[in-house]
Amino acid sequence: MNICCIGAGYVGGPTMAMIALKCPDITVTVVDMNAARIAAWNSGTLPIFEPGLDDVVKQARGKNLFFSTDVAAQIKQADIIFVAVNTPTKTYGVGAGRAADLRYIESVARTIAEHAETGKIIVEKSTIPVKTADAIKTILASNSKGLKFAVLSNPEFLAEGTAVKDLTNPDRVLIGGERTPEGEKAMETLVGVYARWVPRDRIITTNLWSSELSKLVANAFLAQRISSINSISALCEATGADVDEVANAIGKDSRIGPKFLKSSVGFGGSCFQKDILNLTYLCESFGLPEVAAYWTSVVGINDWQKQRFAGRIVKELFNTVADKKIAVLGFAFKKDTNDTRESAAINVVRDLLAEHAKVSVYDPKVPADEIKIDSLGKGIDNPRLTVAKDAYEACAGAHAIAIVTEWDEFKTLDYAKIFAGMPKPAFLFDGRNIVDLAALRKIGFKASGIGKPAASRRAEDLG
Ligand code: UDX
Ligand code: ADP
């Protein structure tokens, strides 16, 4: 069997590497029109940082895993084609800012129709609005010389930073298809691929629309938990409760559960916001404005949380950060990834720059260029924004430190040494609740966390 995946990004690359590793008899080729990206997949430095991925790729690459720019040739050879191209939010026209931009998906469907010489199974891997499979089917049927295509939905649930773990041992694999004999047969073929390493009872088959919708809903529910706890973080700060203690207490209820209750500076990543906006657009299109409003508020709280964090820094630094150096530790949207899409750090840096702060950013994995482009826009420079080579350089001479990504190395920095090199009072704002605030206060920092009682209130509580 030959599998081809169009799109060598955060989804296509790791997923195909895992399929190749687990199915040595299947030839898997990942294609992309971005030649630099393909070259990187073929090199010693992969284009994405993902713990454990180097190892998986090394084991399979050159045996049954290949990366190529020859999209047409691979389409011809493939029995199954995964579509893992990007589906950004539309920036123009109807649905701008919310609906998914399907031009890459459509272009792929047309390319498949143009080059295919035999019928194939087409698998949607990208997250897409419900009913996209219909569009793909129509384009294929209208352009492909009478060949038979089965379109399946197989959304990816891996999270960045834990992709290899999630792919090795997924909670579930979801496959949606048409409930026709051809659709069932195509689903069985794909089930057969995953069943090589995923227990059969964790492979769920549904109709196409349930599968497409489930992906949006799963992300909306996960994001909703974060916005819920983040909304409570503000109440904790106002009342003297501790959000981590509240999360722990409520998470022990097995009906609620402990995961995705970590209060933060706000969620980021390529999926949560985009998928919720997509869901709300879908609801409105189907005449359900109340449902749309409910989910829109999840994004609203997230925006507010990001602003609240930057706002608090300004407020505590005596209402002005103009010309003060602020160290921003972390720029990726979460630890263990170099991905910055929708990262809360972007908003924090922009807000601080708007207040004329001098911002020094350090991230262990995000390149300096990326930090500048994300914060300022391509080709724009601002001398107030610098990128440091390590956390110590970022913090030297800073009036305040803002921890924005929860990289492990920020937990064990020599904060006494850092404190010594900062003007006083030296502030630290932990946007991830990863450092020991009491220990930092002992050193002399004016330290605060998200949803944590202020130092003065804590002292009152402790008598
Ligand atoms: C998410 C989904 O988890 C995954 O199933 C889907 O396939 C893609 O979208 P991802 O965006 O890679 O994955 O990372 P995730 O771990 O979900 O984190 C998303 C954001 O939420 C990050 O910014 C993270 O820091 C934040 N987060 C997560 C919190 O603020 N608190 C939490 O408790 C969990
Ligand atoms: P994701 O996080 O969903 O994997 P990425 O943006 O990381 O998204 O990756 C999507 C990839 O799809 C990009 O590398 C892009 O070049 C590729 N791509 C988009 N459209 C096409 C196309 N028509 N043919 C080949 N590759 C494409």
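The following paragraphs describe the fold, the domains, the two ligand shells and selected residues of a predicted model.

The protein chain contains 18 helices and 14 strands. Its C-alpha trace spans about 75 × 45 × 45 Å along the principal axes. The radius of gyration is 24 Å. A compact globule of 463 residues would have a value near 23 Å, so the two agree. Of the 463 residues, 47% count as buried. Contacts were also sorted by sequence separation. Among those between residues at least 6 apart in sequence, 75% join residues at least 24 apart.

The chain is divided into domain 1, residues 2–198, and domain 2, residues 231–461. The C-alpha centres of the two domains lie 34 Å apart. Their contact takes 15 residues from domain 1 and 16 residues from domain 2. On the side of domain 1 that touches domain 2, eight residues are nonpolar, four are polar and three are charged.

Ligand 1 is surrounded by 19 residues. The closest are Lys262, Ser264, Phe267, Gly269 and Cys271. Both domains take part in this shell: domain 1 and domain 2 each supply at least three residues. Helix 9, residues 208–239, provides the largest share, with three residues. By class, the shell around ligand 1 holds 11 nonpolar, four polar and four charged residues.

Ligand 2 has 21 residues around it. Gly7, Gly9, Tyr10, Val11 and Asn86 are the closest. Here the most residues come from helix 5, residues 103–115, which gives four. The shell around ligand 2 divides into 10 nonpolar, nine polar and two charged residues.

Two elements illustrate how parts of the chain are covered. Helix 1 runs from residue 12 to residue 22, and 10 of its 11 residues are buried. The buried set starts with Gly12, Gly13, Pro14, Thr15 and Met16. It continues with Ala17, Met18, Ile19, Ala20 and Leu21. Strand 5, residues 120–124, is mostly covered as well, with five of its five residues buried. Lys120, Ile122 and Glu124 point one way from strand 5. Ile121 and Val123 point the other way. Both sets are buried, the charged Lys120 and Glu124 included. Strand 5 runs parallel to strand 4, residues 80–83, and four bridges join the two. Within this pairing, Ile80 stands opposite Ile121.

Trp209 is found in helix 9, the helix that gives the largest share of the shell around ligand 1. Trp209 has 15 C-beta neighbours inside 10 Å and therefore counts as partly exposed. Leaving out residues up to four places away in sequence, Trp209 touches Val130 and Lys131. Ile75 is 134 residues from Trp209 along the chain, and their C-alpha atoms are separated by 25 Å.

The loop between helix 16, residues 415–420, and strand 13, residues 427–430, contains Met422. Met422 counts as buried because it has 21 C-beta neighbours inside 10 Å, where the cut-off is 20 or more. Beyond its neighbours within four places in sequence, Met422 is in contact with Cys395, Gly397, Ala398 and His399. Ala398 and Met422 are 24 residues apart in sequence, yet their C-alpha atoms lie 5.4 Å apart. Pro425 is found in the loop between helix 16 and strand 13 too. The peptide bond from Lys424 to Pro425 is cis, with omega near 0 degrees.

Positive phi values appear at two non-glycine residues, Phe318 and Asp323. Phi is near 60 degrees at Phe318 and about 65 degrees at Asp323. Phe318 lies in the loop between helix 12, residues 289–316, and strand 9, residues 325–329. Asp323 lies in the loop between helix 12 and strand 9 as well. Phe318 has 10 C-beta neighbours inside 10 Å and so counts as exposed. Asp323 is likewise exposed, with 10 other C-beta atoms within 10 Å.

Key: Residues numbered from 1 in each chain as written. Chains lettered and ligands numbered in written order. Predicted model: local features only at pLDDT ≥ 70, side-chain atom pairs only at ≥ 80, totals over all residues. Near = placed C-beta within 6 Å. Domains from an automatic or database assignment. Rg over C-alpha atoms; globule rule 2.2 N^0.38 Å. Buried ≥ 20, exposed ≤ 12 C-beta atoms within 10 Å, placed from the backbone. Contact = placed C-beta atoms within 7 Å. Pairing = 2+ DSSP bridges.
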